[in-house]
Amino acid sequence: MTNEESLEFIDYVNNMTVNNYPNPQNAMEQFERSHKQNEEIFARLITGEGIYTKSKNIIGFCHCKKHTGCISKALYKSHDCGRKGCHYFERTNPQYWAMIDSIAAAKKKKKETAKRLKQQVEQADFELKMSAQSISDKLGHFIQITSVKKEVGKKRYNIYYISECEFDDRIRFLDLADAFGYTMNARAQLRHAKAPDGSYAVISGRSRREVFV
């Protein structure tokens, strides 16, 4: 941009007032003529304030007739333009928005990956639980398997269960631990699950199993 063009732009925006905004399209054209990364420009903000700043600090332009003008990063945040999805807002800093979009895409991908991994873990835990329950049922035990957890870094599984007894009665179901361990080619041990108050959890009622959370 030539010096004459720069002076023309400064004169133009200096003549703006809060109550006398120029045609939004012309204001946008004038702004774009001076919009070069790292170049210090004069910008009339939507607040009516005129400031000298680097063009990279101006990230948008509002075409609303009530407050036509430039939008800085701080104004974009305070006015919540993004969440509102304001149709008067126009992006004016391609480099900045490319970075923002890239960060948003990375966060979305990370969130989706974490969700997928969580679902895979939950599915694997469910299958282990159902496998142990199936073995227990075939052995004729009246117990409920609440979960099966593999110890980190070890070939050993802990089988958590509840029974009718209010004490640690795992010695009654050692065949379950042996059978499950055999199917997994690992060691397995039983753990009588406890209630929140610290007592051993029990199955309520002999006619049906109730899921203990």
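**Cysteines, sheets and a long-spanning helix in a predicted model**

Q: In which accessibility class is C86?
A: The relative accessibility of C86 is 30%. Buried means under 20% relative accessible area, exposed over 50%, and partly exposed in between (1.4 Å probe, protein chains only). C86 therefore counts as partly exposed.

Q: What is the mean pLDDT of the protein?
A: This is a predicted model: local features need pLDDT of at least 70, side-chain atom pairs count only at pLDDT 80 or more, and totals for chains, interfaces and linings use all residues. Residues are numbered from 1 along each chain as its sequence is written, and side-chain values use heavy atoms, without hydrogens and water. pLDDT is the predictor's confidence in each residue, from 0 to 100. Here 77% of the residues reach 70 or more, and the mean is 83.

Q: Over residues 16–22 and 206–213, the pLDDT is below what value?
A: Contact means heavy atoms within 4.5 Å. Beyond near neighbours in sequence, residues 16–22 have 13 contacts in the model, and residues 206–213 have 21. Where pLDDT is low, the predicted coordinates should not be read in detail. Over residues 16–22 and over residues 206–213, the pLDDT is below 50.

Q: How many disulfides are counted?
A: A disulfide is a pair of cysteine sulfur atoms within 2.5 Å. The cysteine sulfur closest to that of C86 is in C62, at 5.2 Å, which is too far for a bond. The disulfide count is 0.

Q: Is C165 buried or exposed?
A: The value to judge by is the relative accessibility of C165, 17%. On that value, C165 is buried.

Q: What distance does helix α5 reach from its first C-alpha to its last?
A: Helices (H or I, at least four residues) and strands (E, at least two) are DSSP runs, numbered from the N terminus. Helix α5 covers residues 94–138, 45 residues in total. The expected span is 1.5 Å times one less than the number of residues. That gives 66 Å for α5, and the model comes close to it, at 65 Å.

Q: What covers the buried residues of α5?
A: Those buried residues are Y96, W97, L128, K129, A132, Q133, I135 and S136. Their cover includes β3 (58–62), α3 (73–78), β5 (89–91), β6 (144–150), β7 (156–162) and α6 (174–184).

Q: What is the strand order of the open sheet with mixed pairing?
A: Two strands pair if DSSP finds at least two bridges between them. This sheet has 3 strands. β6 and β8 (187–192) are its edge strands, each pairing on one side only. The order is β6-β7-β8.

Q: How many bridges join β6 to β7?
A: The two strands run antiparallel. V148 stands opposite I159 in β7. The bridges joining β6 to β7 number 6.

Q: What angle does the direction of α6 make with that of β8?
A: Axes are lines fitted to C-alpha atoms, for helices over the stretch in contact, and angles run from 0 to 180 degrees between N-to-C directions. α5 packs on the β6-β7-β8 sheet, touching β6 and β7, and its direction makes about 130° with that of β6. α6 also packs on the sheet, touching β6, β7 and β8. The direction of α6 makes an angle with that of β8 of about 140°.

Q: By how much are neighbouring strands of the β4-β3-β5 sheet turned against each other on average?
A: This open sheet of 3 strands has antiparallel pairing. Its edges are β4 (69–72) and β5, each pairing on one side only. With direction ignored, the average turn between neighbouring strands is 35°.

Q: Which residue in β4 is the bridge partner of F61?
A: β3 and β4 run antiparallel and are joined by 4 bridges. In one of the pairs, F61 has as its partner in β4 C70.

Q: Why is strand β1 largely enclosed by the rest of the structure?
A: β1 (residues 40–44) pairs in the antiparallel sense with β2 (residues 50–54). The two form a hairpin with 5 residues between them. β1 is largely enclosed because its buried residues number 4 of the 5.

Q: What positive phi does N185 take?
A: Most residues other than glycine have a negative phi. N185 is not a glycine. It lies in the loop between α6 and β8 and is exposed, with a relative accessible area of 58%. The positive phi of N185 is about 55°.
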